[in-house]
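This report covers side-chain packing and pairing in one protein model. The sequence and structure come first, then the salt bridges, the cysteines and the nonpolar cores.

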Amino acid sequence: MKAIRIHENGGPEVLRYEDCDLPPPGAHEVRIRHSAIAVNFSDVNVRRGGFYIATPQRYPLIIGNEGAGTVSALGAAVEGLAVGDRVAYVGSGGPFYENTGSYAEERNLPARCLLKLPEGVSGDLAAALLLKGLTAAMVIHRVYTPRPDDVILIHGAASGVGLLLTQWASHLGATVIGTVGSAEKAKIAQAHGCRHTILYRDTDFVAAVRKIVPKGVSAVFDGVGKDTFMASIDCVRRFGMLVNYGNASGHVPPVDLLLLAKKGSLSVSRPAFSTYIEEPGEFQTASAELFDLVKSGVLHVEISRRYALGEAAQAHRDLEARKYAGSLILLP
């Protein structure tokens with residue numbers, strides 16, 4: 001089969017489109033033939049050898065850990081799945097940055113990691129939605145639920161997760177302020193429910209937020225990390241909350257708890273996605289809610305670009321350059 005592998009860490013140029021062998025699925029495993037593969041910043045971290053990596057990587061390594069496709073073979077003792085079933089997955093049962101392998105035409109996975117796709121949900125939609133949508137659900141259900149009187153600051157409001165958080169918070173009645181990287185992205189964020197947009201590359205976002213809401217926002221939802229999080233402390237009202245769910249610009253430095261007291265008795269949360277779906281049935285329940293929100297029109301999934309699998313390096317360049325809004329996917 002064809003796959004994207006790395007033989008060392010580095011920039012997008014280390015992504016190689018190669019032939020490789022895939023053994024038969026083992027006991028309790030399923031082989032799936034991918035129809036769509038998600039492109040996530042966690043893939044960039046694995047490619048770079050980023051701060052998440054706790055154990056040495058073994059090369060050559062197929063990166064990626066989210067996709068959708070069709071069951072093509074079953075290992076021994078697999079129940080509840082059949083050849084031909086349409087399925088999707090988010091991770092492989094452990095931390096999302098470990099046991100990677102989705103940037104490939106086919107992959108073996110533990111059967112317990114797979115979700116059967118309902119009618120009307122395409123593989124493209126599932127690959128573009130699941131991790132990003134479940135991350136948004138984790139923030140809203142487990143950390144901070146926006147209310148009608150809230151003002152929420154969302155960094156990267158035109159990103160895959162950012163657009164979903166913007167729509168969801170707006171649906172719940174909150175006013176959303178979003179930072180974006182370009183006028184084009186501002187229009188997209190506004191079309192998805194963002195009331196105010198701030199071009200963070202051209203404007204001091206702290207001053208801009210304080211001009212819109214002098215007492216500060218109720219909460220900050222931040223998937224950018226190092227470049228935005230500490231400055232965001234000055235955007236939050238008394239007893240407000242800062243939620244860091246991603247690190248697109250790098251790891252957030254240590255936070256001084258006393259500073260949080262001085263700045264208005266603030267709270268900070270850093271949820272981990274793997275915790276959100278670690279109990280049996282949580283993945284299925286949370287995914288069903290997402291699909292219902294899409295079907296009802298509450299959430300719209302923006303797929304800005306589809307790439308052939310062999311174009312993964314270009315997809316990474318575009319992702320790191322924040323060239324597009326919404327989600328990017330690979331097509332084998």
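Which residues are linked in a network of salt bridges? In this predicted model, the network links Arg-147, Asp-149, Asp-150 and Arg-237.

**Salt bridges**

The count comes to 14 salt bridges. Three of the pairs are listed here.

| Pair | Closest N to O distance |
|---|---|
| Glu-18 and Arg-16 | 3.9 Å |
| Arg-33 and Glu-106 | 3.4 Å |
| Arg-237 and Asp-150 | 3.7 Å |

Within the network, the side chains of Arg-237 and Asp-150 meet in a salt bridge. This pair links distant parts of the chain, 87 residues apart: Arg-237 belongs to strand E13 (residues 236–244), while Asp-150 sits in the loop between H2 and strand E9 (151–155). Asp-150 is buried, at 1% relative accessible area, whereas Arg-237 is partly exposed, at 28%.

The salt bridge of Arg-33 with Glu-106 joins two strands. Arg-33 lies in E3 (residues 29–38) and Glu-106 in E7 (residues 106–110), so the pair ties together parts that are 73 residues apart in sequence. Here Glu-106 is the buried partner, with 12% relative accessibility, and Arg-33 is partly exposed at 44%.

In the pair of Glu-18 with Arg-16, Glu-18 counts as buried at 15%, and Arg-16 counts as partly exposed at 41%.

**Cysteines**

How many disulfides does the count come to? It comes to zero. A disulfide requires two cysteine sulfur atoms within 2.5 Å. For Cys-113, the closest cysteine sulfur is in Cys-20, 20 Å away, which is too far for a bond. For Cys-194, the closest is in Cys-235 at 14 Å, again too far for a bond. Both Cys-113, at 7% relative accessible area, and Cys-194, at 4%, are buried.

**Nonpolar cores**

The largest nonpolar core has 56 residues, and the members that touch the most others are Val-90, Leu-130, Leu-134, Leu-165, Trp-168, Phe-221 and Leu-299. Helix H2 (residues 123–143) gives the most to this core, contributing 13 residues.

Leaving aside residues up to four places away in sequence, Leu-134 touches Val-90, Leu-129, Phe-273, Tyr-276, Phe-283, Ala-286, Ser-287 and Leu-290. Val-90, one of these contacts, is also among the core members that touch the most others.

A second core is separate and has 23 residues, including Ile-4, Leu-15, Ile-63 and Leu-328.

Note on methods: Residues are numbered from 1 along each chain as its sequence is written. This is a predicted model: local features need pLDDT of at least 70, side-chain atom pairs count only at pLDDT 80 or more; totals for chains, interfaces and linings use all residues. Side-chain values use heavy atoms; hydrogens and water are left out. A nonpolar core is a set of buried Ala, Val, Leu, Ile, Met, Phe, Trp, Tyr and Cys residues joined through side-chain atoms within 4.5 Å. Buried means under 20% relative accessible area, exposed over 50%, partly exposed in between (1.4 Å probe, protein chains only). Helices (H or I, at least four residues) and strands (E, at least two) are DSSP runs, numbered from the N terminus. Contact means heavy atoms within 4.5 Å. A salt bridge is a side-chain nitrogen of Lys or Arg within 4 Å of a carboxyl oxygen of Asp or Glu.
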